[in-house]
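Reader: I've got the model open and I'd like to learn how to read it. Could you walk me through it, feature by feature?

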Amino acid sequence: MEGTNKTVLTEFILLGLSKYPKLEIFFSVLCMTTYIVILFGNGVIIILSILDSHLHTPMYFFLSNLSFLDICYTSSFVPKMLVNWLSTRKSLSFSGCAAQMSISFAMGTTECLLLAVMAYDRYVAICNPLRYPIVMNRTVYVHLTALCWLIGGLNSLFQTILTMQLPFCGKNVIDHFTCEIVTVMHLACTDISLNELIMLVATVIFTLTPLLLIVVSYFFILSTILKIRSAEGRSKAFSTCSAHLTVVIIFYGSVLLMYMKPKSKASLTTDKLIAMFYGIFTPMLNPIIYSLRNKDVNAAVKKVLSRNLSLWKL
């Protein structure tokens, strides 16, 4: 037992879909294509938000941060996941696992908080339109965004340190695509009840509390929209928050389905596919949802393209 306790873990083995080699080939092509779309779509949103002065508003500032967050999140695990799928040894170093876990957890926490801040932004814009420029001035929305990143980073750092300090006693096989913090925690050869309690408290504070704030914000938003007499006014008011509401439903729907679903060995492959949808396809959908039928984004794209064409002709 003493020799086991002194075992130094240097790497983790990620099983992924190794039991289904044909599925690995299919999903490697699918995920590579999706990752390229994520980089391009979210990159365009960020560039447009910087170049077009008409998009220098709180909503597009939050959106550009959301796009940057999605790029960081997917880049933390997709490239390594693709390499593992196409190689025989599906390993990840101990430090690499810690980094992957820390980045992905930080991005997840930050996104929950950022979506709540975006809901508050929509609440002020619709329920208090006259005070909107004062309430959501540049100093306020920049500080709110910075606070989301800071809290997400600190929470992730704290959870990662607690997890990686656990004794693993040589157990290093993770039946997943990535170093998911809960899965890694359960490899420890010690009592993890305190870690699970801390994780539960953090989940309630940084995941469910933002969801509650979003629900409350949209309750007041819906109440205000229903009081608008003209159908055109109601449609215009609802369209300003429909994209955000769609992203919230997809994001939290995937998270709740993944973590609230009863776990069983028979459904392990299903759980992995749900995790893949949450981790890869949701970041791909965000720029599509926000740019689809969005006049401001479409106008910005045309403006940037026409400007580049003019410079090319010169």
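Reader: Let's start with Ser64. Which residues does Ser64 touch, not counting residues up to four places away in sequence?

Author: This is a predicted model, so keep that in mind throughout. Ser64 touches Ile45, Ile46 and Ser49 once you skip those sequence neighbours. Ser64 itself has its place in helix H3.

Reader: And is Ser64 buried or exposed?

Author: The idea is to compare relative accessibility with a cut-off: under 20% means buried. Ser64 comes in at 12%, so it counts as buried. There's also a long-range pairing to look at: Ser64 and Pro287 are 223 residues apart along the chain, yet their C-alpha atoms are separated by 9.6 Å.

Reader: Those partners of Ser64 sit in another helix, I think. How do I read a helix pair, say H2 and H3?

Author: Take the axes, then the angle, then the handedness, then the residues. The axes of H2 and H3 come within 9 Å and cross at roughly 150°. Angles over 145 degrees count as roughly antiparallel, so H2 is roughly antiparallel to H3. The crossing is left-handed.

Reader: Which residues in H2 meet H3?

Author: On the H2 side you have Tyr35, Ile38, Leu39, Asn42, Gly43, Ile45, Ile46 and Ser49. They meet a set in H3 that includes Tyr60, Leu63, Ser64, Phe68 and Ile71. So Ser64 and its three partners all belong to this contact. By class, the contact of H2 with H3 has nine nonpolar, seven polar and one charged residues.

Reader: Let me try that recipe on H2 and H4. At roughly what angle do their axes cross?

Author: Roughly 155°, with the axes of H2 (residues 21-51) and H4 (residues 78-85) coming within 10 Å. By the cut-off of 145 degrees, H2 and H4 are therefore roughly antiparallel to each other. Their crossing is left-handed. The contact is made by Glu24, Phe27, Ser28, Cys31, Met32 and Tyr35 of H2, together with Val78, Pro79, Met81, Leu82 and Trp85 of H4. Sorted by class, the residues of that contact divide into nine nonpolar, one polar and one charged.

Reader: What about a pair at the other end of the angle scale?

Author: Try H3 (residues 58-75) and H7 (residues 138-164), whose axes come within 10 Å and cross at roughly 20°. Angles under 35 degrees count as roughly parallel, so H3 and H7 are roughly parallel to each other. The crossing of H3 and H7 is right-handed. In H3, Pro58, Phe61, Phe62, Asn65, Phe68 and Leu69 meet Tyr141, Val142, Thr145 and Trp149 in H7. That contact has eight nonpolar, two polar and no charged residues.

Reader: Okay, on to strands. In what order do the three strands of the sheet lie?

Author: Strands of a sheet pair through backbone hydrogen bonds, either parallel or antiparallel. Here the order is S2-S1-S3, in an open sheet with mixed pairing. The edge strands are S2 (91-93) and S3 (173-174), each pairing on one side only. S1 (residues 11-14) and S2 pair in the antiparallel sense over three bridges. For instance, Ile13 has Ser91 in S2 as its bridge partner.

Reader: Which helix packs on the sheet?

Author: Helix H5 (residues 94-127), which touches S1 and S2. The direction of H5 makes about 85° with that of S2.

Reader: Now let me contrast two residues. How should I read His244 and Ile228?

Author: Look at location, accessibility and contacts. His244 is found in helix H10 (residues 231-260). With a relative accessible area of 3%, His244 is buried. Leaving aside neighbours within four places in sequence, His244 is in contact with Leu115, Met118, Ala119, Tyr218 and Tyr290.

Author: Ile228 has its place in the loop between H9 (193-227) and H10. At 26% relative accessibility, Ile228 counts as partly exposed. With residues up to four places away not counted, Ile228 touches Gly233, Arg234 and Ala237.

Reader: And zooming out, what does the secondary structure of the chain come to?

Author: Twelve helices and three strands. Of the 314 residues, 45% count as buried. Among contacts between residues at least 6 apart in sequence, 77% join residues at least 24 apart.

Terms used:
Residues numbered from 1 in each chain as written. Predicted model: local features only at pLDDT ≥ 70, side-chain atom pairs only at ≥ 80, totals over all residues. Heavy atoms only, no water. Axes fitted to C-alpha atoms, helices over the stretch in contact; angles between N-to-C directions. Helix = DSSP H or I, 4+ residues; strand = E, 2+ residues; numbered from the N terminus. Parallel < 35°, antiparallel > 145°, perpendicular 65-115°, else oblique. Left-handed = near helix turned anticlockwise from the far one by under 90°. Contact = heavy atoms within 4.5 Å. Nonpolar A, V, L, I, M, F, W, Y, C, P; charged D, E, K, R; others polar. Pairing = 2+ DSSP bridges. Buried < 20%, exposed > 50% of the residue type's maximum accessible area, 1.4 Å probe, protein only.
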